[in-house]
Amino acid sequence: MGNVRSPRRIFIAAVSCVAMVLGTQFVLARPASAASTVTVRVVIEHVLEQGCTDNLSGSDFYSKITIGGQDFNFGPIDGEDEISPDWTAEKAVDVDSAATVPVVITLAESDGFLNFEDDVCDISPNGPELDLTVNLVPCAVTGDVSGVCAGPITSAGNGDADIRFRIEVDLPAATPGLAVRCTHTPLWPQPGDTVTITVESLDGTVQVGDTMADLSSGAPGPALVDHKKIADDLEVWVNEPTGPDLHVTGKTTDSYVITNVPAGDLVYGCTAHAGADRVFTGWRRTRVGAPAEGTAIPVSFTGARTNRVDVVFIADSDSYTAATDPAFLADATDVIKGAYYGQDFFLANQQRFNFWLADQRGDADRVAAPTPANPANTNCVLTRPPNWSKDYSWADTGVILHRDDFRDCANGGVFSTEPTSLGTVLHETGHAPFGLADEYCCDGGYFEALPNPNMFDTLAKCQADAPTLGRPASDCRTVTDVRPTPAKSWFLSEPTPNDLMNADRRPPQAADIRRMNWYFDNCAAGKC
């Protein structure tokens, strides 16, 4: 039986009226401005009962998270003394109005009327609730306990329950005039390695192929474009929240080197400041050495899998000797930098992605060798790693990187690409996980994906939708699939050829962005 103290039973009435609560809750407030608004996120990762229960059948934990005076209630998980609930609360905060925000975490155990009254568990050294202060820019956590932002923080209280949580503060990753790119090498460090973190200030208009050569067409791509922007300040933050590890002024790029990196999680983030604009990559965790749990190696972990688009890189068995092949790790590094961090829409949403390495190889091949009748061979076959279904069911998409030359494809939540075909990476990502249809003629993948499709099966639907994208109905054009008999017509208002889902693979247009934002919003609500 848990200890009984007077501070207990402080929020039972507020929660008892909630029959079922979503695992993630948000306050949707009109921000003062995009540049001054940050998102404060609190995630309760793990709870272990240490005496806070009156029930012999197991604990029924529930919780409340309060951010800046706004309560987020989470209903009970029945009959479990140890839980990993990932209870997540988020609130938008204007940094021009406040430099800090208070956070309170309360944990209770529901006993029911036959087991006396509910117990509010001691989870703070000062009991019972955790009172914290979050410094917004830069992020730091102080109060009853303190710790590194984006990293795990634990509190044992006075013996009722152990709790592990994390707190994150997301700044904009890009504004119309400024973006920040931050990468590390080696991609998967091992204990004792030297790790280099590189921060770059960009002008916020970068397109795939601008900063790294894109060979999607099989030939040298367009000339590189200089998107560097001189920043008032560039910063690299590593683990320690008391101050930046690297701070330089009047530069476009710089690097911070960590020698003899220890095993565990390396947490870092980068900021750029130019004029009125300040942008932040968000905090990301990179695993040094073996993963803490499971088989996937997190090389850029920004948040819970249920709240992020999880991209898993898979080594092709014909191209790489193993998942640890240095060539595979180098190629995956280039894909992250040149594709996902090399196009302004994706760079602005970098905090919404987790990147992983699969521990086993897969295989991507053309169906058959090219023939005179089919020199391009329009099909490919994808083989997932043997443990994919068992160990990677949570992945939003898998990326099989291969070095041989053939037309790539996506199916079953996995796609293939050459690591030098940066436009192909983002085009195939449009298919999986975002569910976008091809927009070129005449042998692509055509379908109407609801909601928010980029292609329609009737002209009338396209004409009704076009104005919602800022286009006249007359912009609707026809793509004909010549393979069925009779041929099938599809309709879309996206331009040609300049589109993510068209043959040139750049950039995403209005219908593409609408569909991807819908997917991102579902992830933010814990539905990834």
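Which residues are linked in a network of salt bridges? In this predicted model, the network joins Arg41, Glu45, Glu90, Arg164, Arg166, Glu168, Asp170, Asp265, Arg285, Arg287 and Arg308. The report first outlines the overall fold and then turns to charged pairs, nonpolar cores and disulfides.

## Overall features

The protein contains seven helices and 31 strands. Of its 528 residues, 54% are buried. Among contacts with a separation of 6 or more, 66% are between residues 24 or more positions apart. The exposed surface amounts to about 20900 Å², of which carbon and sulfur atoms supply 53%.

## Salt bridges

The count of salt bridges comes to 23. Three of these pairs are described here.

Arg285 and Asp265, both members of the network named at the outset, form a salt bridge with their closest N and O atoms 3.8 Å apart. Arg285 lies in strand β21 (residues 284-288) and Asp265 in strand β19 (residues 264-274), so this pair ties together parts that are 20 residues apart in sequence. Arg285 counts as buried, at 11% relative accessibility, whereas Asp265 is partly exposed, with a relative accessible area of 34%.

A second pair consists of Arg403 and Asp331, whose closest N and O atoms are 2.9 Å apart. Because Arg403 lies in the loop between β27 and β28 and Asp331 in helix α2, the salt bridge ties together parts that are 72 residues apart in sequence. Asp331 is buried, with a relative accessible area of 8%, while Arg403 is partly exposed at 49%.

The third pair is Lys228 with Asp226, for which the closest N and O atoms are 3.1 Å apart. Is Lys228 buried or exposed? Lys228 has a relative accessible area of 52%, and because the cut-off for exposed is over 50%, Lys228 is exposed. Asp226 also counts as exposed, at 55% relative accessibility.

## Nonpolar cores

In soluble globular proteins, nonpolar side chains tend to be buried together. The largest nonpolar core in this model has 43 residues, and those with the most contacts inside this core are Phe313, Tyr340, Phe353, Phe355 and Leu357. At least two residues of the core come from each of the strands β22 (297-300), β23 (309-315), β24 (353-357) and β27 (397-401), and likewise from each of the helices α2 (326-340), α3 (344-348), α5 (422-431) and α7 (510-524). Helix α2 supplies the largest share, seven residues.

The surroundings of Leu357 can be described residue by residue. Leaving aside residues up to four places away in sequence, Leu357 touches Leu187, Trp188, Thr295, Ala296, Ile297, Val299, Val312, Phe313, Phe328, Leu329, Ala332 and Tyr392. A second, separate core holds 41 residues, among them Val101, Cys139, Val145 and Ile167.

## Disulfides

How many disulfides does the structure hold? The structure holds seven, including the three listed below.

| Pair | S to S distance | Torsion about the S-S bond |
|---|---|---|
| Cys52 and Cys121 | 2.0 Å | about -80 degrees |
| Cys139 and Cys149 | 1.8 Å | -75 degrees |
| Cys380 and Cys409 | 1.8 Å | about -100 degrees |

The torsion of the Cys52 and Cys121 pair is about -80 degrees, so this disulfide is left-handed. Cys52 lies in the loop between β2 (37-49) and β3 (61-67) and Cys121 in the loop between β8 (119-120) and β9 (130-135), so the link ties together parts that are 69 residues apart in sequence. Cys52 counts as buried at 0% relative accessibility, and Cys121 counts as buried at 0%.

The link of Cys139 and Cys149 is left-handed. Cys139 is located in the loop between β9 and β10 (140-143), and Cys149 in the loop between β10 and β11 (153-155), 10 residues apart. Cys139, which also belongs to the second core, is buried, with a relative accessible area of 2%; Cys149 is buried at 0%.

For Cys380 and Cys409, the torsion of about -100 degrees again gives a left-handed disulfide. Cys380 lies in strand β26 (residues 380-383) and Cys409 in the loop between β27 and β28 (410-411), so the pair ties together parts that are 29 residues apart in sequence. Cys380 and Cys409 are both buried.

Technical notes. Residues numbered from 1 in each chain as written. Predicted model: local features only at pLDDT ≥ 70, side-chain atom pairs only at ≥ 80, totals over all residues. Heavy atoms only, no water. Core = buried A, V, L, I, M, F, W, Y, C linked by side-chain atoms within 4.5 Å. Buried < 20%, exposed > 50% of the residue type's maximum accessible area, 1.4 Å probe, protein only. Helix = DSSP H or I, 4+ residues; strand = E, 2+ residues; numbered from the N terminus. Contact = heavy atoms within 4.5 Å. Disulfide = S-S within 2.5 Å. Areas by Shrake-Rupley, 256 points an atom, 1.4 Å probe, with all protein chains shown as cover. Salt bridge = Lys/Arg side-chain N within 4 Å of Asp/Glu carboxyl O.
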